[in-house]
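Me: I'm new to reading structures, and I'd like a close look at just one part of this one. Could you take me through it slowly?

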Amino acid sequence: MLKTFVFGALALVVWVAALIGVQLAVQGHRTEIAARLLVSAVLLFTYWAVARWVERREVRELRRRDAHTILYGIAGGFVLFLCTMAILMVAGVYHFSAFASTKPLLAGLSLAVAAAVVEELLFRGFVFRWLEAGLGTWIAVALSALMFGLAHAANQGATTMSTAAIALEAGVLLSAAYVYSRTLWLPIGIHIGWNFTEGAIFGTAVSGHQATGMLSGTFHGPQWLTGGAFGVEATLPAVGVCLLAASALLIASARANHTFEPL
């Protein structure tokens, strides 16, 4: 067990070093889209390499035969965010105003890919996998979700509610997607689909980061429905929609015996 922990910690150190190194290498690169995609590719390869050669294990969570599930995830993330916006529109909170431009789509997609790859490799690939190995699936879901929420607590516009919302909706949902599929491709896809739809299509803030989208609109109402400066992720409808999806995945996982008890 100690040997597994030591080699796992070493793998994380090497991966973080690669993250810092590749970010410094592309800093100031005139083609941001290419730079983001390069960062994503390097980090995916580094994760696979350290798992294979440092941890000396089979990298089942990144098998090529499962790579197509990233498309299911992207579609799922798109639908989940669309459902959230539909609720806000029906409630009179969001008001569509105009079609802006398709120019932000490609840049927004590359940003969504980079953010999803970095966060899913770190929080599901390392953190959740380690927690689950020692504490079991259910405690790992709860603890990793809490950590994911706290990781966004310093973002611009963050509040206690936004931190709790990120933990409950994204933290639980993305861990549930990993448990159900036993692959990182599905949570990466969901993460991409949600962020891309939120930022590049609707032009709303993504976890406090302002975005320019294909569409433009306005929000009116209390912060628990508008999300404030943090964005739609900090709204009650977003939490409800994502928790519903997460619950379905976790129930299906339990029925398929994809969950583990503590050691």
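Is the crossing of helix 5 and helix 6 left-handed or right-handed?

Reply: This is a predicted model, where local features need pLDDT of at least 70 and side-chain atom pairs count only at pLDDT 80 or more, while totals for chains, interfaces and linings use all residues. Residues are numbered from 1 along each chain as its sequence is written, and side-chain values use heavy atoms, leaving out hydrogens and water.

The crossing of helix 5 and helix 6 is right-handed (the near helix is turned clockwise from the far one by less than a right angle; anticlockwise would be left-handed). Look for helix 5 at residues 137-151 and helix 6 at residues 160-181; helices here are DSSP runs of H or I, at least four residues, numbered from the N terminus. Their axes come within 7 Å and cross at roughly 135° (axes are lines fitted to C-alpha atoms over the stretch in contact, with angles from 0 to 180 degrees between N-to-C directions). So helix 5 is oblique to helix 6 (under 35 degrees is roughly parallel, over 145 roughly antiparallel, 65 to 115 roughly perpendicular, the rest oblique).

Who does the touching? On helix 5, residues in contact include Val-141, Leu-146 and Phe-148, and on helix 6 they include Ile-166, Ala-170 and Leu-174 (contact means heavy atoms within 4.5 Å). By class, this contact has eleven nonpolar, six polar and no charged residues (Ala, Val, Leu, Ile, Met, Phe, Trp, Tyr, Cys and Pro are nonpolar; Asp, Glu, Lys and Arg charged; the others, Gly among them, polar).

Now follow helix 6 to another neighbour. The axes of helix 4 and helix 6 come within 11 Å and cross at roughly 70°, so helix 4 is roughly perpendicular to helix 6. Helix 4 brings Glu-120, Arg-124, Phe-128, Arg-129 and Glu-132 to this contact, and helix 6 brings Gly-171, Leu-174, Ser-175, Tyr-178 and Val-179. Here the split is four nonpolar, two polar and four charged residues. Notice that Leu-174 of helix 6 turns up in its contact with helix 5 and in its contact with helix 4.

What comes after helix 6? In the loop between helix 6 and helix 7 sits Arg-182, whose phi is near 55°, a positive value in a residue other than glycine.

Definitions and conventions
Helices (H or I, at least four residues) and strands (E, at least two) are DSSP runs, numbered from the N terminus.
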